[in-house]
Amino acid sequence: MTSDRPTIFALSSGRPPVAVAVVRICGPQAGRALEKLTGRVPPPRRAALARVRDPADGEIIDEALALWFPGPNSETGEDMAEIQVHGGQAVIAALLGALGRVEGCRMAEPGEFTRRAFINGRLDLTEVEGLADLIAAETPAQRRQAYRQLKGLIGDQAEAWRRQIIEALALVEARIDFSDEADVPEDLVGPALHAAQQLRNMIGASLADGGRGERLRDGVVVAIAGPPNAGKSTLLNRLARREAAIVSPYPGTTRDVIEVHFDLAGYPVTLLDTAGIRGSDDPVEQEGIRRATARAAAADLILWVIDSQASERPIGENLENRGTTNCWLVCNKVDLAGDKLWINSESRSAPYAKQFAISAATGSGVEALIGALSAYAQTYFAATESALVTRARHRQALEATVAALDRALAQRASGHEELIAEELRAAATTLGRLTGRVDVEDILDVIFRDFCIGK
Ligand code: GDP
């Protein structure tokens, strides 16, 4: 089935130099390539010591471990080979060069192994996404969610729902196509709509999760805001230095926001430093500021940092308009306070959920703030263990399914069987898009299986 497909190979392990480099080969020529380079194909799924030679001149490249995974029970569903060599630049270059000279073999494009696994039915689309998330996971909670998805948490559920919709559709279609036949019962549409209603409720329930599954991929967003010179950047830097688990500090989507990703208690937290948000006449900068402000306003939590020593303490502008976003007050520079009471009038009057007295400069009080942020992330993500929807794509597909089911149910009174069938078909198709498995033949299969109509 795959003999016309090129055989692909790639370095699957990390950037050299490393101790061990893994080169994977996939496709109809995988076995031949392995034989050409190592002299033989080892028994399936057994590691074998092998000398890797360049077939061009017979020169030994390295001593390696060779593995052979014949299709279809391989990761991609096709013949696969794996060569583990010492992970030096020159070793890898020689091995890849030699593979490139084997007929029918070429370097893989990004994601091509996984694409083949999908095409060969080894992974559905949601599992492909789970695999991508697992590779990108930075915290234990993200890893767990990605692994559940890779193992088919949402894919299997969507597939089960789609089957049930197709069963309901088969009932309605049978009613339409074979209404003259004596042995097709009158009321097939009633049970079909009953099933549709139940499905609609179930899918609706899994959509009502507050978007936590999606958020776990990105992290709970905490914006550091406050008047200029309150010490926001100093605080962010201290947090970044204090948390060894910090993963990827990079400038945000605009040049005005610095984003830092943390692993707090195993959960991802994205801190935004809005210190760069300030007035400007430059239209490009203004657009940046607008986006930065919007991003901060959409944060789950705002840390409102003030200088506890400043005589004038502006109340946070826009704080009244921040809707339901939580806000904590962080009184900074307590190192300058001596024995003075740090809590000022603002902190008493404004509706802050929590208050902290810290010194971003000396680090005093920062532990308590980190502890509270960890607890916040933990509570925030407490419900994600059961979250089904982890991407906007899933949400859109499930929402479209619910909408189609609703349209089908709305036809209950009208009794328009064709319209009901059409909407049920639309619902099955949108669910099929979720997993990437859309097959109209399925409907016929169910009809013939359940109704024995071809008598
Ligand atoms: P931002 O504009 O809110 O980002 O404020 P910065 O982080 O740039 O800090 C403004 C000034 O306050 C800098 O000179 C910092 O060194 C100083 N600063 C920040 N935090 C503290 C603190 O806890 N104690 C003291 N004494 N100075 C601080």
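This report walks through the overall build of one chain, the surroundings of its ligand, and a run of paired strands.

## The chain as a whole

Keep in mind as you read that this is a predicted model. Let's start with the big picture. The chain contains 15 helices and 13 strands, and it has 455 residues, of which 48% are buried.

How do parts of the chain that are apart in sequence meet one another? Take the contacts between residues at least 6 apart in sequence: 68% of these join residues at least 24 apart. The outside of the chain can be described too. Its accessible surface comes to about 22,200 Å², and carbon and sulfur atoms account for 52% of that area.

## Around the ligand

Now look for the ligand in the structure. There are 16 residues around it. Which of them come nearest? They are N229, K232, S233, T234 and D335. Sorted by class, the shell around the ligand is made of seven nonpolar, six polar and three charged residues. Helix α9, which spans residues 232–242, gives the most to this shell, supplying three residues.

Some side chains can be matched with particular kinds of ligand atom. A polar side-chain atom of T234 sits 2.5 Å from an oxygen atom of the ligand. In the side chain of K333, an N or O atom is 3.0 Å from an oxygen atom of the ligand. For N332, the ligand partner is a nitrogen atom, found 3.0 Å from an N or O atom in the side chain. How much of the ligand does the protein bury? Taken alone, the ligand exposes 580 Å², and the protein buries 70% of that.

## Strands side by side

Let's move on to three strands that you can trace in order. Strand β3 covers residues 48–53 and strand β4 covers residues 60–69. These two pair in the antiparallel sense, with six bridges between them. To find your place in this pairing, look for A50, which stands opposite A64 in β4.

β3 and β4 form a hairpin with six residues between the strands. Within this hairpin, G58 takes a positive phi near 75°.

Strand β4 has another partner to explore: strand β5, made up of residues 80–87. β4 and β5 run antiparallel and are joined by five bridges. Here a good landmark is W68, which stands opposite A81 in β5. As you follow the strands, remember a general pattern: in a regular strand, side chains alternate between the two faces of the sheet.

Definitions and conventions: Residues are numbered from 1 along each chain as its sequence is written. This is a predicted model: local features need pLDDT of at least 70, side-chain atom pairs count only at pLDDT 80 or more; totals for chains, interfaces and linings use all residues. Side-chain values use heavy atoms; hydrogens and water are left out. Helices (H or I, at least four residues) and strands (E, at least two) are DSSP runs, numbered from the N terminus. Buried means under 20% relative accessible area, exposed over 50%, partly exposed in between (1.4 Å probe, protein chains only). Contact means heavy atoms within 4.5 Å. Accessible areas come from the Shrake-Rupley method with a 1.4 Å probe; for residues, only the protein chains shown count as cover. A residue is near a molecule or strand if one of its heavy atoms lies within 4 Å of it. A polar contact is a pair of N or O atoms within 3.5 Å; within protein, one must be able to donate a hydrogen and the other to accept it, and residues adjacent in sequence count only if both atoms are side-chain atoms. Ala, Val, Leu, Ile, Met, Phe, Trp, Tyr, Cys and Pro count as nonpolar, Asp, Glu, Lys and Arg as charged, and the others, Gly among them, as polar. Two strands pair if DSSP finds at least two bridges between them.
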